[in-house]
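Got the viewer open? Let's take a walk through this one, a few selections at a time.

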Amino acid sequence: SLVACIAVEALGAGNVLGVSMPSMYSAQESFDDAHSLARNLGMNFAKIPIKHMYEVFKQSLAQIFSGLPENETEENLQARIRGTLLMALSNKFGHLVLGTGNKSELGAGYCTLYGDMVGGLAVISDVPKTMIYKLAAHINRQREIIPRNTIERPPSAELRPDQTDQDTLPEYDVLDGILKARVEEQKSLDEIVAQGYDRPTAQQVVRMIQVNEYKRRQAAIGLKVTTRAFGPGRRMPIAMKLNA
């Protein structure tokens, strides 16, 4: 929603296309909110369901995956189908795909290579999740542009039933605080814990930041907002000793 608002402000509503790509796990309210946002902004809107495509992928992999339980593999398939569709639209119409991943997601690796990470420009890749909520409130200060339900619902990738981000991530205010201390302030684990963070949680976040450098190395170009963004301003080795 925030990326759509920024794109409309920068390019004009007639030059922005929002694409809804619901799967069997997508809530109807997600589609309704997306449609409402597009209407509020006056931008173009399209719907391309992916349920059938997802089932074809699963059928194609059924033999080689036989006997194995479903896991993040099937979740990532959905993201990659969506990425393929967006790049097809880009090729056909000459559109620039705008990445919608934020700094919290990129920091924790809560993103899918060749899926939601596709695009030519990652607009909010240096904007933490907690700041996104503040920006959404600012955008809605005079009238509701971003649907209230979008802001108030627990964040979810909607890649499996009843999924929320906090199934696998700390609360975003905690995650963002540790992320800022580690990436922007370059503090050690001990220094982060001394700020009042729980050590196991801090260790978890620091490890996620380290092991997902390989993803960020392949990410789209992002706009720098904070004092230290992922990318050229923070060159880290992909292979490293995994410690704090």
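## First stop: a parallel strand pair

One thing before we start: this is a predicted model. Begin by selecting strand S1 (residues 17-20) and strand S2 (residues 44-47), which pair in the parallel sense over four bridges. Strands of a sheet pair through backbone hydrogen bonds, either parallel or antiparallel. For a register mark, pick Val-19 and look across to Ala-46, its bridge partner in S2.

Now colour S1 by face. In a regular strand the side chains alternate between the two faces of the sheet. Here Gly-18 and Ser-20 make up the covered face of S1, while Leu-17 and Val-19 are on the uncovered one. Add helix H2 (residues 28-41) to the selection, and you have a right-handed β-α-β unit made of S1, H2 and S2.

## Second stop: the three-strand sheet

Next, show S3, S4 and S5. They form an open sheet in the order S3-S4-S5, with parallel pairing. Strand S3 (98-99) and strand S5 (221-222) are the edge strands with a single partner strand each, so one side of each has no neighbour in the sheet. Zoom in on S3 and strand S4 (residues 121-122), which run parallel and are joined by two bridges. The bridge partner of Gly-99 in S4 is Ala-122.

Keep Ala-122 on screen, since it turns up again at a cavity. The structure holds one cavity of 30 Å³ or more. Rolling a probe the size of a water molecule over the atoms shows where empty space is left. In the largest cavity that space is about 110 Å³. Its lining has 14 residues, and those nearest the centre are Gly-101, Leu-106, Asp-116, Met-117 and Ala-122. Colour the lining by class and you get seven nonpolar, five polar and two charged residues.

## Third stop: a pocket by S5

From the cavity, go to the second largest pocket, which has about 340 Å³ of space. It is lined by 20 residues, with Ala-220, Gly-222, Phe-230, Gly-231 and Pro-232 closest to its centre. Select helix H11 (213-217) and S5 here: each supplies at least two residues of the lining. H11 gives the most, with three residues. By class, this lining has nine nonpolar, four polar and seven charged residues.

## Fourth stop: Gly-83

Which helix holds Gly-83? Select helix H4 (residues 72-93), and you'll find Gly-83 there. Gly-83 has a relative accessible area of 3%, so it counts as buried. Show what touches it: leaving aside neighbours within four places in sequence, Gly-83 is in contact with Tyr-114, Gly-115 and Val-118. Try the distance tool on the C-alpha atoms of Gly-83 and Val-118; they are 35 residues apart along the chain, with a separation of 5.9 Å.

## Fifth stop: helix H8 and its cover

Now for helix H8 (residues 172-184). Of its 13 residues, 10 are buried, so the helix is largely enclosed by the rest of the structure. Among the buried ones are Tyr-172, Leu-175, Ile-178, Leu-179 and Val-183. An α-helix has 3.6 residues a turn, so residues three or four places apart point the same way.

What covers the buried residues of H8? Turn on helix H5 (103-108), helix H6 (129-139), helix H9 (189-194) and helix H10 (199-211), which are included in that cover.

For a close-up, click Val-205, which lies in helix H10. Val-205 counts as buried at 1% relative accessibility. Beyond its neighbours within four places in sequence, Val-205 is in contact with Pro-170, Leu-175 and Ile-178. Between the C-alpha atoms of Val-205 and Leu-179, 26 residues apart along the chain, the separation is 7.4 Å.

## Last stop: two positive phi values

Most residues other than glycine have a negative phi, and most peptide bonds are trans. Two residues around H8 are worth a click on that account.

- Glu-158 is in the loop between helix H7 (148-152) and H8. Its phi is positive, near 50°. Is Glu-158 buried or exposed? With a relative accessible area of 13%, Glu-158 is buried.
- Gln-186 is in the loop between H8 and H9. Although not a glycine, Gln-186 has a positive phi of about 55°. Gln-186 is exposed, with a relative accessible area of 52%.

Key. Residues are numbered from 1 along each chain as its sequence is written. This is a predicted model: local features need pLDDT of at least 70, side-chain atom pairs count only at pLDDT 80 or more; totals for chains, interfaces and linings use all residues. Side-chain values use heavy atoms; hydrogens and water are left out. Buried means under 20% relative accessible area, exposed over 50%, partly exposed in between (1.4 Å probe, protein chains only). Contact means heavy atoms within 4.5 Å. Two strands pair if DSSP finds at least two bridges between them. A crossover is right-handed if, with the strands pointing away from the viewer, the path from the first strand over the helix to the second runs clockwise. On a 1 Å grid over the protein atoms alone, a cavity is a set of points where a 1.4 Å probe fits but cannot get out, and a pocket is an open set with protein on both sides within 12 Å along at least five of seven lines; lining residues have an atom within 4 Å of a point. Grid points are joined across faces, edges and corners, and a volume is the space filled by probe spheres set on the points. Ala, Val, Leu, Ile, Met, Phe, Trp, Tyr, Cys and Pro count as nonpolar, Asp, Glu, Lys and Arg as charged, and the others, Gly among them, as polar.
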